[in-house]
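Q: I have a model open and want to learn how to read its strands and its pocket. Where do we begin?

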Amino acid sequence: AINDVMNAFGVYWDNRNIEGFISLFTEDGYLILPQTDGSDIQFSREKLKEIGNNRFKEVESSGLQQRHFATNTHFIEQTQDSAHIEQYILLATVHQKESLSINASMIYDVWLKKVEGIWKISKYIVKSDVNMDLPKNE
């Protein structure tokens, strides 16, 4: 079930299904994007929805298609109602249906909780091997 949540994370984002994507998080769940200056940017569900919708419009108008490929999942700790995992990710982009490029390799550091019998993401840290800094105004 946890692997299904992790796979859905990439599939929902890549297919621009923001409601499905947001549904993977607990009500107080959040995503953290570390910046190269050592700071972290934290995104609530609401902020992820706003950013996602804006990104989807940009990607769609540019003729690009992103794909997240999960390669390894390591269960660091798991109980009946909580889990901590790390997952390796390759992020690829298809350009105008003509070429493919690998944009980043990442490690997702993820904490999950079982809520009413369903696994949900409570904390999600995206650790990228390439600079993914956001503009300061975002």
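A: Start with one pair: Leu-64 stands opposite His-95 in S4. This is a predicted model, where local features need pLDDT of at least 70, side-chain atom pairs count only at pLDDT 80 or more, and totals for chains, interfaces and linings use all residues. Residues are numbered from 1 along each chain as its sequence is written, and side-chain values use heavy atoms, without hydrogens and water.

Q: How many bridges join S3 to S4?
A: Strands are DSSP runs (E, at least two residues), as are helices (H or I, at least four), numbered from the N terminus. Two strands pair if DSSP finds at least two bridges between them. Here 13 bridges join S3 (residues 64–78) to S4 (residues 82–95), running antiparallel. Three residues separate them in a hairpin.

Q: Which residue takes a positive phi in the hairpin of S4 and S5?
A: In a regular strand, side chains alternate between the two faces of the sheet. S4 and S5 (residues 99–115) pair antiparallel over 14 bridges, and His-84 stands opposite Trp-111 in S5. Gln-96 takes the positive phi, near 50 degrees.

Q: Which element supplies the largest share of the lining of the largest pocket?
A: A pocket is an open set of points on a 1 Å grid over the protein atoms alone, where a 1.4 Å probe fits, with protein on both sides within 12 Å along at least five of seven lines; lining residues have an atom within 4 Å of a point. H3 (45–62) gives the largest share, seven residues. Of the 27 lining residues, those closest to the centre are Trp-13, Arg-55, Gln-66, Leu-91 and Met-132.
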